[in-house]
Amino acid sequence: MDPSNNNIILSLRDVRKHFGGIKAVDGVTFDVAAHRITGLIGPNGAGKTTLFNLITGLYSLDSGEIRFMGERVDGLSLHHTFRKGLCRTFQISRELKLMTVLENLMLVPPRQEGEKLWRSWFFPRMVKAQEKEIRDRGVKCLELTGLAHLKNEYAGNLSGGQKRLLELARTMMAEPKMILFDEPGAGVNPGERRTLAESIRRFVHDKGVTVLLIGHEMELVMDVCDPIIVLERGRKLTEGTPEQVRCDKRVLEVYLGGCAE
């Protein structure tokens, strides 16, 4: 892709990160187009999660450049990239188990009036109005992810797939411009995976967000992602449509193990 293209929301140029003598990310360059679902795949140890950590500021770069919406973000903290609208999920769900599904969502929006006790005393109507607005937003996010019927269930009682959907709903509450989704299909059964795939597509379509998705579940990746970027030993191996990646001999050798006729 052309980095001067106005449709590019995320751009990486020659990004490198070493841990001792290990080249975890070794000169990776690619662009992510806005309002698309881009896949990032590769065998274990290919550098996928490390790359997410570099993009969001959990790790610092050794060299290279990362731009989000035209602005350099390498060197910023996770907190600052989040405030710019660049959000990520994690391989392991981080729900608050002893709170309800809806309560998990209502905690997400920052700077809530009810967090200040004196505001509750002196401006109770304002606090209640904001709380209702946040609650209504939460219910809409749960409807988008198919969890509305579980809004009063404790989050710790959800299945693996439902916890992934809850994590997506929590991300929706942050109203991000882009989501980095780390292994959304991990520990999810096929039926829940289909629901998750549809929820991700609906979120991109309805909210106009961009998704960069790490995945090992090829059915999910091939179903929702286009294009797909392949990493191998910290380097970008190839990029293309699902069909191009599925039948690329280099990818078959290191990862997929066969081309469907």
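Where is E175 found? That was my opening query, and I put it to a predicted model. E175 turned up in the loop between α6 and β7, the strand at 178–182.

**Entry 1: E175**

I checked the backbone of E175 next. Its phi is positive, about 50 degrees, and the residue is not a glycine. I made a note of that, since most residues other than glycine have a negative phi. Then I asked whether E175 is buried or exposed. E175 has a relative accessible area of 57%, and the cut-off for exposed is over 50%, so I wrote it down as exposed.

**Entry 2: the second largest pocket**

E175 came up again when I listed the lining of the second largest pocket. The other residues of that lining are R137, K140, C141, L144, M172, M173, P176, F203, K207 and V209. I read off a space of about 190 Å³ for this pocket.

Which helices each supply at least two residues of the lining? I found α5 (124–144), α6 (160–173) and α7 (190–207). The most comes from α5, which gives 4 residues. I also sorted the lining by class and got 7 nonpolar and 4 charged residues, with no polar ones.

**Entry 3: α6 against α7**

Two of those helices pack on each other, so I looked at how they sit. The angle between α6 and α7 is about 10 degrees, and their axes are 9 Å apart. Angles under 35 degrees count as roughly parallel, and α6 and α7 therefore run roughly parallel to each other.

Which residues make the contact? From α6 I noted G160, G161, Q162, R164, L165, L168 and M172. From α7 I noted E192, T195, L196, S199, I200 and F203. By class, this contact of α6 with α7 holds 6 nonpolar, 5 polar and 2 charged residues. Two names were familiar from my previous entry: M172 and F203 are also in the pocket lining.

**Entry 4: T89**

I moved on to T89, in the loop between β6 (86–88) and α3 (101–106). T89 counts as buried, because its relative accessibility is 1%. What does T89 touch, leaving out residues up to four places away in sequence? My list reads E167, T171, I179, L180, F181 and D182. I also checked T89 against R164: they are 75 residues apart along the chain, and 9.2 Å separates their C-alpha atoms.

**Entry 5: R83**

R83 is in helix α2, residues 78–83. With 59% relative accessibility, R83 counts as exposed. I paired R83 with A174, which is 91 residues away in sequence, and got 9.2 Å from C-alpha to C-alpha.

**Entry 6: D26**

D26 lies in strand β2. Is D26 buried or exposed? At 8% relative accessibility, D26 counts as buried. Setting aside neighbours within four places in sequence, I found D26 in contact with V15, R16, H18, G234 and R235. One of these, G234, is 208 residues from D26 in sequence, yet the two C-alpha atoms are 5.0 Å apart.

**Entry 7: backbone oddments**

I went back to phi and found H35, in the loop between β2 (22–33) and β3 (37–41). H35 has a positive phi, near 60 degrees, and is not a glycine.

Where is the cis peptide bond that involves P227? It runs from D226 to P227, with omega near 10 degrees. P227 sits in the loop between α8 (218–224) and β9 (228–232). I flagged this bond because most peptide bonds are trans.

**Entry 8: helix α1**

How many of the 9 residues of α1 are buried? I got 8, so I called this helix, residues 48–56, mostly covered. The buried ones are K48, T50, L51, F52, N53, L54, I55 and T56. G57 follows α1, and its phi is positive, near 95 degrees.

**Entry 9: the whole chain**

I finished with the totals. The chain has 10 helices and 10 strands. Of its 261 residues, 48% are buried. Taking contacts between residues at least 6 apart in sequence, I found that 65% join residues at least 24 apart.

Terms used:
Residues numbered from 1 in each chain as written. Predicted model: local features only at pLDDT ≥ 70, side-chain atom pairs only at ≥ 80, totals over all residues. Heavy atoms only, no water. 1 Å grid on protein atoms, 1.4 Å probe; cavity = no way out; pocket = protein on both sides within 12 Å on 5 of 7 lines; lining within 4 Å. Points joined across faces, edges and corners; volume = space filled by probe spheres on them. Nonpolar A, V, L, I, M, F, W, Y, C, P; charged D, E, K, R; others polar. Axes fitted to C-alpha atoms, helices over the stretch in contact; angles between N-to-C directions. Parallel < 35°, antiparallel > 145°, perpendicular 65-115°, else oblique. Contact = heavy atoms within 4.5 Å. Buried < 20%, exposed > 50% of the residue type's maximum accessible area, 1.4 Å probe, protein only.
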